[in-house]
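Dear colleague,

I am handing over the structure below, together with a short account of what was found in it. Please look at the model first and then read on.

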Amino acid sequence: MSLDNKIAIITGGTKGIGFAIAEALLKSGVKVFICGRNKIQLRSSLNILSEFGEVAGISCDVRDEEEIDAMFAECLKRFGSVDILINNAGVGIFGKTVEETSFIEFEYTLETNLYSVFHTCKKVIPLMKERNGGYIFNISSIAGQNAHPKMATYNASKYALNGFTEALMQEVRQDNIKVSLICPGSVNTTFGSQEVTDETSWQIHPNDIAEIVVDLLKINPRTLPSKVEIRPSKLPAK
């Protein structure tokens, strides 16, 4: 795919992995539309990203289908269509057993990590068919295939996302729509209330994931890397 003047939507694009992907796409000539729940963070991120290319955005809670509709409407008003969708928005409940986890926390996680992806994919597929193709990236996790105690809620959301993405890939590939599942291991961001310090520098950096997304967009159209696992090269010495 030639990236010049392509149009991308990135959910959770105001920080971390989403922000890094937005920056990399802008530098590659893509017009980028981001969303995030925090309006102050959104304005700050848009201000920074505008140095690299044409970018716009809107405050959006991806759990709300009406807000997703408003996000797409604003993107279409600004850029005309969508060629690339990056489903990156996500939350995690960590350090709690199933017994300790409330249903509200479970529901919140599934709505953010899974239901939102259904809504955005359902919305974007007709637009991509009109463009005779496109590319959908769903940002999952190694936790979508490796379960851990006190991560059952997060595991459940990502296991489900992985299965959904695999089925979606098979449904739309004949329409020239590619779907890739990106499964990072430990990423050096503040996700899950983690602190970014020198001690966590061994982890994958968001820019590493952004580089992979750009590379996949440029790969020959005949080839589809449907699932990419990304792990730190080395774990910290014990």
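What follows goes through the sheet, the helices that lie across it, two helix pairs and two single residues.

Please keep in mind throughout that this is a predicted model. The sheet is open and is formed by seven strands in the order β3-β2-β1-β4-β5-β6-β7, with parallel pairing. Its edge strands are β3, residues 55-59, and β7, residues 227-230, each of which pairs on one side only. From one strand to the next the twist averages 15°.

Within this sheet, strand β4 covers residues 84-87, and its side chains alternate: Ile-84 and Ile-86 point one way while Leu-85 and Asn-87 point the other way, and all are buried. On one side β4 is joined to β1 by three bridges, the two strands running parallel, and here Ala-8 has Ile-84 of β4 as its bridge partner. β4 also pairs with β5 in the parallel sense, over four bridges, and in that pairing Ile-86 stands opposite Phe-137 of β5. Further along, strand β5 (residues 134-139) is joined by six bridges to strand β6 (residues 177-184), again with the two running parallel, and the bridge partner of Ile-139 in β6 is Ile-182.

Two helices that lie across strands of the sheet may be worth finding next. Helix α3, residues 65-79, lies across β1 (7-11), β2 (31-36) and β3, and runs at about 160° to β3. Helix α5, residues 152-172, lies across β5 and β6, and runs at about 160° to β6.

Two packed helices are described by the angle between their axes and by the distance between those axes. For helix α1 (residues 16-27) and helix α6 (residues 206-218), the angle is about 45° and the axes are 8 Å apart, which means that α1 is oblique to α6. The crossing of these two helices, α1 and α6, is right-handed. On the α1 side the contact is made by Gly-16, Ile-17, Ala-20, Ile-21, Ala-24 and Leu-25, and on the α6 side by Pro-206, Asn-207, Ile-209, Ala-210, Val-213, Val-214 and Leu-217. Sorted by class, the residues in this contact of α1 with α6 are 11 nonpolar and two polar, with no charged residues.

The other pair consists of α3 and helix α4 (residues 103-130), which pack at an angle of about 35° with their axes 10 Å apart, and here too α3 passes α4 in a right-handed crossing. In this contact Glu-65, Ile-68, Asp-69, Met-71, Phe-72 and Leu-76 of α3 meet Ser-116, His-119, Thr-120, Lys-123, Val-124 and Leu-127 of α4. By class, the contact of α3 with α4 has six nonpolar, three polar and three charged residues.

Finally, which residues other than glycine have a positive phi? One of them is Asn-5, with phi near 65°, and this residue is placed in the segment before β1. Asn-5 is exposed, having a relative accessible area of 52%. Asn-176 likewise has a positive phi near 65°, and it lies in the loop between α5 and β6. With a relative accessible area of 45%, Asn-176 is partly exposed.

With best wishes

Technical notes. Residues numbered from 1 in each chain as written. Predicted model: local features only at pLDDT ≥ 70, side-chain atom pairs only at ≥ 80, totals over all residues. Heavy atoms only, no water. Pairing = 2+ DSSP bridges. Axes fitted to C-alpha atoms, helices over the stretch in contact; angles between N-to-C directions. Contact = heavy atoms within 4.5 Å. Parallel < 35°, antiparallel > 145°, perpendicular 65-115°, else oblique. Left-handed = near helix turned anticlockwise from the far one by under 90°. Nonpolar A, V, L, I, M, F, W, Y, C, P; charged D, E, K, R; others polar. Buried < 20%, exposed > 50% of the residue type's maximum accessible area, 1.4 Å probe, protein only.
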